[in-house]
Structures are given as C-alpha cells and as structure tokens.
Amino acid sequence: MKILYGFLIVSLMAGFLGAAEAGKITVDGSTTVGPIAKAFAEFYMKQHPGVNITVSESGSGNGAKSLINGSCQVATMSRIMKQNEYEAAVHSEVLPISFVVALDGIAMIVHPGNPIRELTMEQIKNVYIGKIKNWNQLGGPNVPIVIISRDTNSGTYETFETRVLKGEKIVKNCEYVGSSGAIRQRVQSTPAAIGYVGIGFIDSTVKALPVNNVPPSPETVKDGSYPIGRPLYMYTNDYPKMGSDLYLFVNLFLTKKGQEIIEETGFIPVTNY
Amino acid sequence: MQRNERNLIMSDAVSRLRRLTALILKGFLLLATALSLVAVLLIIAYITRDAFPFFKLRGLGELFKSTAWFPSGHPPEFGALAIIFGSGLVTLGAIVVAVPLGIAAAIALSDILPYRLRQTVKPVIEILAAIPSVAYGFFALVIFAPLLQNRGGSLLALASWIIALPLGLLLIFAVTEIATRSIREDMVKPARLILAAVLTAILCRSLLALSAMLSAVKISSGTNALNVSIILGIMALPTIVSVAEDSLQAAGRELREGSYALGATRAETLFKVVIPAAGSGIIAAIILGVMRAVGETMVVWMASGNAAQIPSPWFNFLSPVRTLTATIAGDMGEADQVTGSSRYHVLFALALCLLLTSFVANLISEWILRRQQRRLGGLK
Amino acid sequence: MNLGSRKLFDRSLTGISVMAVFLMALSLLVLLGPIFSRGLGAFIFRATSEHRRMILEQFGRGDEEDVAAEMQAVARARRPLYGMLKKFEDELKNMEYGKRLGYRAQLKEVKNLLHDLLGPLPGEPETVMLRQEYGQTRWDRAQAKLGQILFSEQWDYSDKSSMGKKMLLPRRQFFAGTQLEPLFPYLKNNLVQMLRPHLVFYWRFLTDTSLDSHLFGGIWPEVLGTFYLTLGAILLAIPFGIIAAIYLSEFASAGRLVSMLRVCISTLAGVPSIVFGLFGLAFFINTLHLSSSKSVLAGSATLALLILPTIIRSAEEALKAVPHTYKEAALSLGASQMRMVLTVLLPAALPGILTGIIISMGRAAGETAPIIFTAAVSVGQPLKIWETLSQPTPALPWNIYNLATEHQAVDEIRHVQFGMVLTLVLLVLLLNLAAILIRARISKKMRG
C-alpha cells in the first residue's frame, strides 16, 4: 500500500515536470480495452492540456502490429502477445513491455425472460459448438437457441475460444457482432439468444448466468473462482522514460483515480485503494 | 503594326518551338491523365502481392471449396465458400429488389412522366445516390433491424400485398383477355367483367392467406440477409435508374416516332422497339448497379449478422450471412500483419476476388455500352 | 388484342412505372424521416438543469449567477428526497439482519439509479469520471430513468413451455411500510422541479468537443476531421482530375492508349471502397510512409483516388458541353490550343466542373471503408492544420459506425449517433443541393 502511495506521489510530481513537454501519444488496439484507454486518454488530456492522445480500436492484432512498426506508442491488447508477434518485435528491435492494467471476466448472458438459472462450462461449450441446439436441452422452454458471438477480430473472442471451446470450432450459424455493447443489445432484444460479454457490460436488461455455480462479479474474478477471467494489457516499446507523458499514461492504472476510472468503466482494477 | 504582322506570320523556328512546347505540354497532360492507369496498376499489384503468399501457403482449393472459416482456430481454416456465397446471396436479393423497380422507374423517367415531373424526380435519385453508405448502414442496424425483428411478419405481409397485387391484377387482365378472345362480340364485356371479378376475388383470397401465413413468421434476428438485400437494393437503384434511363433515351426519338406512326401504343413501342434497342444498355446498368451492391462494406458489416454459413435452405433470406467486404473490414484488426500470417494474406486474397469480379463486371458493362453506342450511332 | 385491351395494357404499364418511381421516393422518405426527426433531437431537446450546469462547468458558457440560482432551487426541491433516503438508512440500521439484507440490495439499486438521474447524492465521495458528476442532461432520458426507479422489472417463469413474461412491479410496494415508501410518489410528482426541463436549441453540438466518450458535449473533432479529409481529398484530386479531363476531351486522339485510359478510369470507379482502404494501408502507409501510422494525409490520398474518376468524368462532360463555336472563335484568332483551353474553354466549363467537384466532395465526406485503415480513430483531439500531415483524426462516418456498434453505452447515446448521421447527411445533401442549383443555372444560361 505504502509503495503505491509513494508511487502515486512520485508520478504526480513527475506529472508536473512532464507537463512542460507537450506531445502526442497514439494508442491502438483492442476494442475491449477501448473504454479504459478512451477514459484514460480523456482524463489525461484534461489534466495535461497540450497533449493529444488518439485512441483507435482496431483490434488487438492491429495494436501489436502498430507497436512493432512504430506507428503507435501504446498497444492495448485483450490477450497476451503471441510468440510470432514477439519474434517480429525482436526482429525490428522493439522490446514489448506489458502492463496488466485491469482484469476482466467474460459473463454468459441471456434474455431476462429466459428461465435458465445457470450453466456449466461443458454446457456453454456444447451450445457454441452446436451440440445443444434448443433451450429445452438445458431445462428451458422448447425454443431454438440463437447463438451470438463477438467478431473473430476481438481478443474477447480469442479468450472465449481458448478458455471455453478449448480448440473446438464454433458452430457455423453463430452470429457475429462487433462489440460487447452490441451483444448485450442483441440479447436484450432476442428472447432466445445467448451471448458473452465482459462483466462491465452486465446490466439489468440482461441476465448474467453463474458458470459452474460461480456468479460473475468483480470479487469472483479477482479471487480466481470465476472460470472465465483474463487480464487486459497495455504494451509499450521498452519501459517509457520516467516522467514522460507516456510513462504517466501507462501507469495511470496504478493511481487511485485510475482505479476509479477502471471500476467505473466496468472492469476490475488490479489495485486496491 | 509592323511587329504584329511579324507575329501573325510565324517563322519556321517559332512555329517549331510552339509545336514543341505544345507537344511537351501534351505529354505532361498525358502523364497526369495516366495517373488513373498507374493507380489501377498499383492497386492490382499491391493486392496481388499480398494475396500471393496466401495461395503459396495454403493453395487454391481450401479457399473456394471449404465452408469452414476459422481464421483464429488452431490450426486455422480459411474456407471462404460460405462468405463468397453470402456476398452472392445478398447481391441476388439486391437484384430482386432493385432491378424491376429500377427499370420500371427508368421507363417512367424516359418515356412516361411529363418533363416537369421528371425534373422533380431526378433529385430524388441524386439524393439516394449521395447518402453515405454508413447512413444506410446505420438505418439498417438501428431502425430497420429492430423493426424486422419485432414486426417482421406484418412487414412481409405488407410487402407481399404491395408486390403481388398490381402484378396479379395485370395477370388477371391478361388471362381474361385471352380467355374471352373466342366469345361472341356482344357477350365479351359481361363475360370479361364476371371472369375478372372472380379472379380478383381468388387473388385477394390467396393473398390474404399468404399474408396471414407471412404474418406468423417470426424473424429471430433482424440483422439478416433480407435486411441487407433491401437496403443494398435501394442503394443500387440510382445507378440502375440513371444508366438505364440514359440508354433508353439514347434509343432516340426517331425509333419511337416510327413506331407510333405505325399505330403502336406507348407500351408496345417500349416493349417491341425501345427496349430491344436499349437492351444492352439496360444490362450494363444492371451490372453496374449490382457491382455497387457487391462492393458495399458498411451496410453489410453493420447489418448482415456476419455468420459465416450457407443458410439452409440456401435461399433462406432470414438467416444471417457474412460477405467478403465485411470480412475484410472486420478481420483486418486481428490479422497479425507483422508476421505475414495466412490470416493477414487471406484478406488480401478475398480482396483480390472482389477486385477481379469488379474488373470483369466493369469491362463487360463498358464493352456493352460502347457496342450500343456504336450500333445506335449507326442507326442514325 | 382489341384496342380497348391494348389501351388498358398501356395504362397498366404507366401505372406500374409510376408506382416504381413512387416507391423510390417513398424509400427515400422512409430513410430520411427517422434520421431527420431523431437527429434533430441532438440539437433541439428539453434540457435539464444538469445540462446547464454541465455547459457552465465544462464549456464556461452560461450565466454563472443564473445557474447558481437554479441549482439552489433545484436543491430545495431535492432536499426532502435526500431526507427520506437518510431516514430510511437510519431505519435500516435498527432492523433485524435478515430483513436488512433484503432491503439493502434494493436500496443500492435505487441509489444508483437516483445517482444516474440526479447526479451525485449528498455524502457520496468525489468521483473521477464526468458521467458520475452529472445527472441526466436530457429530459427524455430522465423520464426513462424515472420509469426504472418507479418500477422494477421482474420475470414470470411459471409457464414452462415458453420464455418468461415481463412484469413491472412498483418498487413502492417492495418498500411499503418503510420510510422510503413516500420517496417514489414524491420523486414522480416533483421531478420537474428537481430537473427543470427547458426546450433548448443546442447548436453548439456541432462545435463542442465530446466529453467522456460522447456522453456529454458535441461532435466537433469528428466534424473537423471530416472537413480535413474532404478538403485534402479534393485538393489532391482536382489538379489530376481536371488535367485528365482536358487531355481526354481536347488533346486525345482516338487511339488504343486513350481507350485504355478510359477503361482504367471506369475500372477505378468500380473498385470496391474497402479495396481502396486496403490499398491505402499497403501503399501510402506501409510502402510510401506518408506518415508513420494512420493520418489525415494518408486518408485524403486514398479518398482522392476514390473520387478521381467522378471528377474526371464530370469535368470531361462539362468541357464537351462547351459549344464548338467558342473554341473555333478562339483558335481562329490565333490562340494556341493551350491558350484556348485556359482562357476560353475552362472558364466556360467552370460551373459544370464545379458541380462534379462538389458532388465528389459529398462522396469523400461520406465514405467510411477507405478511412478505416488509413485515417480514422475513435477518440482524438481536434487537430491543428499542420498536424493533419502526421496524425489521425476522428471523422463523422467512422464514428457513426463506432458509436453505433462499439460504444459501451450504445443505447444512452442514441441521440448523439442520430445527430452525427443527420450532420453527415445534411452536409452531403447541402453539397448536392449546391450542385443542383449550379446546374440549373447553367442549363438556364445555355437555353437563354
């Protein structure tokens, strides 16, 4: 705790020093980390007028690529860098440093009118690979399941694919939508739908189901009992120069304000003030 | 005075110089004009360059034969057949919506509406053409999709009335016409009336049944091939109408007047004289309009549902599909560009398919239009 | 066929084709209707006191004293409400454990909703994000929130054969007999005093920057970005477009080269826009390194290629429409061909060329696919003019997509999305209107 406070003070002091040199920071990458990056960017720009931070949400892979060819300073990613990306980075003399800025859990959501109370990992997998096609196989009414997934260009999809499907192929009639918000919207308007979103996106319009008896919540993700959790990353090329805008920006998640922003955007902070 | 005279009668040297500068200028102009050529060549070169590694790595077969599109799987699979099919399906839908409507509207504009009304309709076409595709996409996603999902059945029923009623009446008219051909002169009118009334009753009854059946249809998701087809059809309309109208106009007054002079009605003139003369132009119009639908990105990305599947049965427009353009736009973000993975190059391979399709379609329509120009020029 | 039926056939053809035109016009109306009616909602709406407080605090506009006075009046109206909350919390402390637990979860929900509706409740810690600092700024959203407070959604699963049915349960019943019960009727009856809605015309929506990812403020960065992209594309495309048109209409002889050029131009016009985007990424950014990453410059260059064929074609048509007599007169006076083009042909064709340029401006402003990979970002400051060479920008078309599909609070910012769409559509329509007017003037001049 003390260390963190010390860190906060140091970074605030550094902030005053760093404010003198105006600059730009380009952030590129994951749509999942987008809300955090956008909120951080606005918060930072308000505190340091003259710094322009642009945030693109073009996907984790694009973030890695931009970092490696030097076109962005911060890559936001909802998955860890892949081996070949590391290799490419080393090849072009880029040293990716990762910051785990927040945690996220993937929650299974259904329409609130759906009587299903919970699911197991096995059931989720069977729904998504097409072995379970109707809600009555899960104890619900006789209605075919409408399966909704994030687009394949998202880190959320990849996490879901590796953690839940475990390498099996998603069923072909699965609908793909561009974002967690869009999934929530599809599910709240479609009684027979099932989808998955980051836990920050759960609200009263949809029903988030416990998985293996564990309800999705910040607490269960944090203590590791919720089975589908993951860290969210920011990558920089080499550790940023102390006191620079970049340094302050990527370390914002360690500050108290940063923690509040992360909580407010619906993710789980790694700090605990 | 003296000087002016000398200027007017140019010496050989001056004249040569002038010709030389003119030549140089002309060369310069040509160079600037050639930018289009260069751009086209560069586009082909770059897309091919980045598509080639995919074919080298994975061969041709998988892309066009398999329907398994799992670019992020372990191992990944790149079967784009379902995606190509999706593009085809929504294009087919767009054709069904846009071609009859577009050609009928083109006929109205070229031959039927009075001049003043024509001038007020033309801006409508221009506005339809000018509205940005993202606005169409937004409409499809935010307004049309929920509408389809909640009131889909009634919408379908309404559409069936709008389409089937006029066509049905036309059919009834034709049938009564043919059926009463051999009846005694003074019986024709009442016989016709009775027959028409009976047939109209049957038509309305069956339409009622059809619309009741359609009203019961539940659309599980509003973002589907039907939604996209209708919107793409509307987007393709302006191209079809304006090109088709141009070629109908190009058929010329003389042809029409000749036909009228022989006692033909306007409809007969159109069907037997003008449309055969302008037919190739109309085909070119359809091709150009269809290409607009094939190449459109935002609408399909936002509102097609993006499911990489061949619907079952294949013509099931109510199921979500995925198209080439949406796949490129959507998957580019996650494709590991640095490492030159198949996942990156496959998108260029898809772009190459699109590009080649548009080239071929363009060349064909260009060729058709030019041939028509020459032929009609010869007629005059 | 006898004459009567031939006539009838003729009539029905007329009917069908007129109906097609009518359907076309109808589809335009159906398309533009909601965009206009709901898009205007971003500009004209009933703004609450929270809106005026936000405008004053964030943008420094408005009369400080007026707003302070209004906040006091509003606070007076809210005081009894907060008093009821306080009383209930005290009551809760003395309750037995089981009962307390049931109420607490509900209370938390009510408090969260109240916070969303009215802004920070007394005694709440200071917050960091703007969305926490203000209540609902729009009366329509406030009423939606009020509904959520008054009624909680429950689902009845008793029918096993179908999905559950929605029931709206008044929260008041849940809290019946407690100190919180009177809160609900009080809130319902006094919400107008608590938020004081007034109709405003918020034209600054266009020129205010966005705050907290478009939850507050306007769309200035997007408007400016679209302006830069369009301007850049036009500036790059005009010289090449007009030169090409001059060459094709005046200098080119009908040869193989020229017909190939024409084919290329029409081919370029047919290339799908997403392919332009890929090409822009691969060529302008990854090969030419116009900028190290996405930038307005790269986006403009890509858009310029996209609109080049339109400009060439319309300019060529305008040049060809200039009467031959003009040219011949100039040439017979001894002008060189070049001079004739510059001094006679171009000025005469200028209005026609201008229409083409204006229409392609509309096209460039509205295209999305080419700028996804080359220029557009979701969040960024408004750029200075020299920054366009190296920095990406938000732009209307891309951000419409982004807000409609990727934003966290898609439903709460519908009005912003519609406002953006309306702005873009209006921009394009105005450009087209200008083109139509210019064309009408030309045709009048030609006839007169």
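In this predicted model, helix α5 (residues 81-112) of chain B and helix α1 (residues 3-39) of chain C are roughly perpendicular to each other, because their axes cross at roughly 110°. Angles of 65 to 115 degrees count as roughly perpendicular, those under 35 as roughly parallel, those over 145 as roughly antiparallel, and the rest as oblique. The two axes come within 8 Å, an axis being a line fitted to C-alpha atoms, for helices over the stretch in contact, with angles running from 0 to 180 degrees between N-to-C directions. Helices here are DSSP runs of H or I with at least four residues, strands are runs of E with at least two, and both are numbered from the N terminus. The crossing of α5(B) past α1(C) is left-handed; that term applies if the near helix is turned anticlockwise from the far one by less than a right angle, and right-handed applies if clockwise.

On the α5(B) side, the residues that meet α1(C) are Leu101(B), Ala104(B), Ala105(B), Ile107(B), Ala108(B) and Ile112(B). Their counterparts in α1(C) include Ile16(C), Val18(C), Val21(C), Leu23(C) and Met24(C). Two residues are taken to be in contact if their C-beta atoms, placed from the backbone, lie within 7 Å. This contact of α5(B) with α1(C) comprises 12 nonpolar, two polar and no charged residues. In this classification, Ala, Val, Leu, Ile, Met, Phe, Trp, Tyr, Cys and Pro are nonpolar, Asp, Glu, Lys and Arg are charged, and the others, Gly among them, are polar.

The wider contact between these chains draws 74 residues from chain C and 71 residues from chain B. On the side of chain C that touches chain B, α1(C) gives the most, with 23 residues. That side of chain C divides into 53 nonpolar, 18 polar and three charged residues.

Within chain B, α5(B) also packs against helix α11 (residues 266-295), their axes coming within 9 Å and crossing at roughly 140°. That angle makes α5(B) oblique to α11(B), and the crossing is right-handed. Among the residues of α5(B) that take part are Ser87(B), Val90(B), Gly102(B), Ile107(B) and Asp111(B), while those of α11(B) include Arg266(B), Leu270(B), Ile286(B) and Gly289(B). By class, the contact of α5(B) with α11(B) has 13 nonpolar, four polar and two charged residues. Ile107(B) thus appears in the contact with α11(B) and in the contact with α1(C).

A further helix pair in chain B is formed by α7 (residues 133-179) and α8 (residues 188-215), with axes that come within 9 Å and cross at roughly 160°. These two helices are therefore roughly antiparallel to each other, and their crossing is right-handed. Their contact contains 15 nonpolar, eight polar and one charged residues.

Chain A meets chain C through 40 residues of chain A and 31 residues of chain C. On the chain A side, the elements that give two or more residues are β1 (24-29), α2 (34-47), β2 (52-57), α7 (180-189) and α10 (256-264). The largest share, eight residues, comes from α2(A). This side of chain A has 15 nonpolar, 18 polar and seven charged residues.

Domain bounds, which come from an automatic or database domain assignment, divide each chain in turn. In chain A, domain 1 covers 2-103 + 231-264 and domain 2 covers 104-222; their C-alpha centres are separated by 30 Å. Contacts link 11 residues of domain 1 of chain A with 11 residues of domain 2 of chain A. Chain B is assigned domain 1 (1-30) and domain 2 (40-379), with 55 Å between their C-alpha centres. Chain C has domain 1 (49-120 + 129-198) and domain 2 (220-447), whose C-alpha centres lie 50 Å apart.

The predictor assigns the complex an ipTM of 0.92 and a pTM of 0.89. By pLDDT, the predictor's confidence in each residue from 0 to 100, chain C has a mean of 88, with 99% of its residues at 70 or more. Chain A averages 84, and 92% of the residues score at least 70. Its lowest confidence falls in helix α1 (residues 2-18) of chain A, at a mean of 44, and its highest in helix α5 (residues 121-128) of chain A, at 93. Over residues 6-21 of chain A the pLDDT is below 50, and this stretch has 16 contacts in the model beyond near neighbours in sequence.

Residues are numbered from 1 along each chain as its sequence is written, while chains are lettered from A and ligands numbered from 1 in the order in which they are written. Local features need pLDDT of at least 70 and side-chain atom pairs count only at pLDDT 80 or more, whereas totals for chains, interfaces and linings use all residues.
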